[in-house]
Amino acid sequence: MKRILLLLLIASLYSCFSPERDCGKFKTGTFEFQSYLNGELVTSTFVRNDTLEIDQFQGKTDTSSIRWINNCEYIITNLHPKSMAEKKPLNIKILTTKGNTYTFEYGQVGDAKRQRGTVTKID
């Protein structure tokens, strides 16, 4: 009986501290992603629907297909890759959401190396 009470207490504490993940509102829309490239802050803007993402970065446009694995995770594949690295699909997982932003983790499919970023929905 004591074990059950202890497990219930731990479960309730965990649920109180679980991060917000309202991923559904980020499946479509217009977004901005800022990152540092060669020490300079750069911005990428992209428009996404449930199957396609069109990215604008430094005057260039890129189009990728999207396959949603679940409500918070998807695979993105560049439709017109210009290098071997661009041919490899990326796995993107939304970790937390807050207001009009989400924090995500991404990496090439099959690669254990992961990076993180934050995206802002602008429309």
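**Figure 1. A hairpin links β2 to β3 through three residues.** The model is a predicted one: local features need pLDDT of at least 70 and side-chain atom pairs count only at pLDDT 80 or more, while totals for chains, interfaces and linings use all residues. Numbering runs from 1 along each chain as its sequence is written, and side-chain values use heavy atoms, with hydrogens and water left out. Strands β2 and β3 (residues 52-57) run antiparallel and are joined by four bridges; strands pair if DSSP finds at least two bridges between them. Strands (E, at least two residues) and helices (H or I, at least four) are DSSP runs, numbered from the N terminus. Look for Arg48 in β2 (residues 40-48), whose bridge partner in β3 is Glu53.

**Figure 2. Eight strands close into a barrel.** Going round, the order is simply β1-β2-β3-β4-β5-β6-β7-β8, with antiparallel pairing. On average, neighbouring strands are turned by 35 degrees against each other, ignoring direction; the axes are lines fitted to C-alpha atoms, for helices over the stretch in contact, with angles from 0 to 180 degrees between N-to-C directions. Besides its eight strands, the chain has two helices, and along the sequence the pattern reads α-β-β-β-β-β-α-β-β-β. Of the chain's 123 residues, 26% are buried, a label for under 20% relative accessible area (over 50% is exposed, in between partly exposed; 1.4 Å probe, protein chains only). Take the contacts between residues at least 6 apart in sequence: 26% of them join residues at least 24 apart, with contact meaning heavy atoms within 4.5 Å.

**Figure 3. β1 and β2 are paired in the antiparallel sense over nine bridges.** Two Phe residues help you find your way along this pair of strands. Phe31 has Phe46 as its bridge partner in β2, and Phe33 has Ser44. At the turn, two residues sit between the strands, and Asn38 takes a positive phi near 55 degrees in this hairpin.

**Figure 4. Phe31 and Tyr102 form an edge-to-face aromatic pair.** Their centres are 6.3 Å apart, with 75 degrees between the planes. Phe31 comes from β1 (residues 29-37) and Tyr102 from β7 (residues 101-108), so the pair ties together parts that are 71 residues apart in sequence. Both Phe31 and Tyr102 are buried. Elsewhere, Trp68 and Tyr74 make a tilted pair, because their ring centres are 4.5 Å apart and their planes stand at 50 degrees. Trp68 counts as buried at 17% relative accessibility, as does Tyr74 at 2%. The whole structure holds seven aromatic pairs, where rings of Phe, Tyr and Trp (its six-membered ring) pair with centres within 6.5 Å, and planes under 30 degrees apart are stacked, over 60 edge-to-face, the rest tilted. One aromatic cluster takes in Phe26, Phe31, Phe33, Phe46, Tyr102, Phe104 and Tyr106.

**Figure 5. Arg48 lies over the face of Phe31.** The distance to the ring centre is 4.5 Å. A charge sits over a ring if NZ of Lys or CZ of Arg is within 6 Å of the ring centre and within 35 degrees of the ring normal. Lys27 does something like this too, lying over the face of Trp68 at 4.9 Å from the ring centre. The Arg48 side chain also reaches the backbone oxygen of Lys27 at 3.4 Å. Arg48 is buried, at 2% relative accessibility. Setting aside residues up to four places away in sequence, Arg48 touches a list of partners including Glu53, Ile66, Trp68, Tyr74 and Tyr102.

**Figure 6. The Asn91 side chain makes polar contacts with the side chains of Glu73 and Arg114.** The distances are 3.1 Å to Glu73 and 2.9 Å to Arg114. A polar contact is a pair of N or O atoms within 3.5 Å; within protein, one must be able to donate a hydrogen and the other to accept it, and residues adjacent in sequence count only if both atoms are side-chain atoms. Asn91 belongs to β6 (residues 90-98) and counts as buried, at 12% relative accessibility. Beyond four places in sequence, its contacts include Ile69, Tyr74, Glu105, Tyr106 and Gly107.

**Figure 7. Gly107 of β7 is in contact with Asn91.** Gly107 is buried, with a relative accessible area of 6%. Its C-alpha atom is 5.5 Å from that of Leu90, 17 residues away along the chain. Leaving out neighbours within four places in sequence, Gly107 also contacts Pro89, Leu90, Lys113 and Arg114.
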